[in-house]
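The following exercises are to be worked through with the sequence and the model in view. Each task is followed by its solution in steps.

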Amino acid sequence: GQEQKLADSIKANIFSLAEADKVIESNANTYLENATRKTSVRFYVLAVIFFCILLLFLMLILNDVKKKSITNEQLSLQASLINTIPDAIFTTDDHFIITSWNKYASELYGVAKNEAIGESINSIFKTHLTGEQLVESLNILRSKGAYNGEYMVSKRNGQNAFILASV
């Protein structure tokens with residue numbers, strides 16, 4: 001009797017503990033599944049956001065490339081037009097260093113394009129201006145942003161030429 005009751009009581013307690021253990025394990029598994037599901041959803045949302053950001057940057061880059069291509073086409077067209085105008089045309093920076101030089105400038109001044117670019121205007125030709133005329137020309141250029149004037153210049157070969165300069 002008594003041993004049987006004790007054995008049955010122990011079995012019942014073990015069964016009860018096993019059932020409680022199953023409930024705890026089930027609850028833990030449910031919690032882990034929910035946490036895993038939430039984490040997966042968060043990663044998917046982050047992946048979609050990251051993908052959208054990548055697409056946005058790709059569109060911005062493609063737009064910049066398109067603009068650059070259009071600008072290059074326009075510059076090429078302008079450069080080809082400058083070379084078809086039968087006048088000596090060249091450009092300089094703010095320090096009067098030559099930045100472009102067309103074929104007619106080469107013909108007029110007797111200086112090849114590759115020799116002229118990067119050089120100071122004064123190394124290509126000398127203008128016959130007094131100091132006062134030079135200051136006046138530069139003041140007009142600075143105040144109005146443009147200047148037109150006729151000059152006599154001496155080319156490297158010593159020949160003189162009259163030019164109409166538009167700056």
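**Exercise 1.** Which residue in E5 does Asn148 stand opposite?

*Solution.* Asn148 stands opposite Ser166 in E5. The model is a predicted one, in which local features need pLDDT of at least 70 and side-chain atom pairs count only at pLDDT 80 or more, while totals for chains, interfaces and linings use all residues. Residues are numbered from 1 along each chain as its sequence is written, and side-chain values use heavy atoms, with hydrogens and water left out.

**Exercise 2.** Determine the strand order of the sheet and identify its edges.

*Solution.* Step 1: apply the terms. Strands (E, at least two residues) and helices (H or I, at least four) are DSSP runs numbered from the N terminus, and two strands pair if DSSP finds at least two bridges between them.

Step 2: trace the pairing. The order E3-E4-E5 describes an open sheet of three strands with antiparallel pairing. Because E3 (125-127) and E5 (160-166) each have a single partner strand, one side of each is left without a neighbour in the sheet. From one strand to the next, the twist averages 40 degrees, an angle between N-to-C directions on a scale from 0 to 180 degrees, with axes fitted to C-alpha atoms.

Step 3: examine each pair. Three bridges join E3 to E4; here Lys126 has Ser154 in E4 as its bridge partner. Strand E4 (residues 148-155) is joined to E5 by seven bridges, and Val153 is partnered by Ala161 in E5.

Step 4: inspect the hairpin. Four residues lie between strands E4 and E5, and Gly158 takes a positive phi near 95 degrees.

**Exercise 3.** Describe the largest pocket and the elements that line it.

*Solution.* Step 1: define the term. On a 1 Å grid over the protein atoms alone, a pocket is an open set of points with protein on both sides within 12 Å along at least five of seven lines, probed at 1.4 Å, and lining residues have an atom within 4 Å of a point.

Step 2: state its extent. The largest pocket holds about 1000 Å³ of space, the volume being that filled by probe spheres set on the points.

Step 3: list the lining. Of its 30 lining residues, Phe90, Phe96, Ile121, Ala165 and Val167 lie nearest the centre. Elements giving two or more residues include strand E1 (90-92), helix H2 (103-109) and helix H5 (131-144). H5 gives the most, with five residues.
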